[in-house]
Amino acid sequence: MQKRISSLPFHDTAEQAQKLEEVIQSLRGQAGAVMPALHQAQEIYGYLPLEVQKKIADGLDVPLEEVYGVSTFYSQFSLTPKGRHHISVCLGTACYVKGSDKVLDRITQKLGIGPEECTEDGLFSLTACRCIGACGLAPVMMINEDVYGRLAPEDVDGILDKYAE
């Protein structure tokens, strides 16, 4: 699954910018600095917007393509912000054969976002993952730390409405 870049405008605080600059300064000139810089930047911002990747590339004097390549290759990096309520829908084999793709379709219809996207109000973000580890409850989704199993598409609206209040 290809990672998407966030279409939401990027905003950072002076404190975040200062922390990122300190990270870059501490890693400047070190071989292999891109990976730790990206890890620390994601801790600061929660994701890796293109603007942050550009700052890292400029600060470490490496091509933006290298920074982007690392950030898109490794699954632990996210290019999109996470919403206050993060939804993960399992598309692993057990969940998929029991209709998790239809549950995912209903979520995308209701929220107007696809996997690896965040609603404009920052309330919800969505990920399609390979396994949540609750195969006996298939199909399964998680919202934050709450697990919902044995789902049907018609269950989605009521569940999401509880988090929208």
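**Salt bridges, helix packing and backbone features**

Asp12 has a relative accessibility of 30% and so counts as partly exposed (buried is under 20% relative accessible area, exposed over 50%, and partly exposed in between, with a 1.4 Å probe and protein chains only). The structure is a predicted model, in which local features need pLDDT of at least 70 and side-chain atom pairs count only at pLDDT 80 or more, while totals for chains, interfaces and linings use all residues. Residues are numbered from 1 along each chain as its sequence is written, and side-chain values use heavy atoms, with hydrogens and water left out.

Asp12 is a good place to start, as its side chain meets that of Lys55 in a salt bridge, with N to O at 3.2 Å (a side-chain nitrogen of Lys or Arg within 4 Å of a carboxyl oxygen of Asp or Glu). This pair links distant parts of the chain, 43 residues apart: Asp12 sits in the segment before helix H1 (14-27), and Lys55 belongs to helix H3 (helices, H or I with at least four residues, and strands, E with at least two, are DSSP runs numbered from the N terminus). Lys55 is likewise partly exposed, at a relative accessible area of 33%.

Across the whole structure, the search finds 5 salt bridges. Another of them joins Lys19 to Glu15, whose closest N and O atoms are 3.4 Å apart. Both residues lie in helix H1, and their spacing of 4 residues means that about one helical turn separates them. Glu15 is exposed at 53% relative accessibility, whereas Lys19 is partly exposed with a relative accessible area of 40%. A further salt bridge brings together the side chains of Asp161 and Lys110, at 3.1 Å from N to O. Asp161 is in helix H7 (residues 156-164) and Lys110 in helix H6 (residues 100-111), so this pair ties together parts 51 residues apart in sequence. Asp161 is partly exposed at 36%, as is Lys110 at 32%.

Lys55 returns in the helix packing. Helix H2 (residues 34-45) and helix H3 (residues 50-60) have axes that come within 11 Å and cross at roughly 140° (axes are lines fitted to C-alpha atoms, for helices over the stretch in contact, and angles run from 0 to 180 degrees between N-to-C directions). Val34, Ala37, Leu38, Ala41 and Tyr45 of H2 make the contact with Val52, Lys55, Ile56 and Leu60 of H3 (contact means heavy atoms within 4.5 Å). H3 also packs against helix H4 (residues 64-73), at an angle of about 130° and with axes 8 Å apart. H3 and H4 are therefore oblique to each other (neither under 35 degrees, nor 65 to 115, nor over 145). Here Gln53, Lys54, Ile56 and Ala57 of H3 meet Leu64, Val67, Tyr68 and Ser71 of H4. Ile56 thus appears in the contact with H2 and in the contact with H4.

The loops hold some backbone features worth a look. Most residues other than glycine have a negative phi, and most peptide bonds are trans. Ala138 and Pro139, however, are joined by a cis peptide bond with omega of about -10°, and Pro139 lies in the loop between strand E3 (124-129) and strand E4 (141-143). Glu116, which is not a glycine, has a positive phi of about 65°. Glu116 is in the loop between H6 and strand E2 (117-118), and is buried, with a relative accessible area of 18%. Asn144 also has a positive phi, near 55°. This residue is in the loop between E4 and strand E5 (146-148), and Asn144 is partly exposed at 31% relative accessibility.
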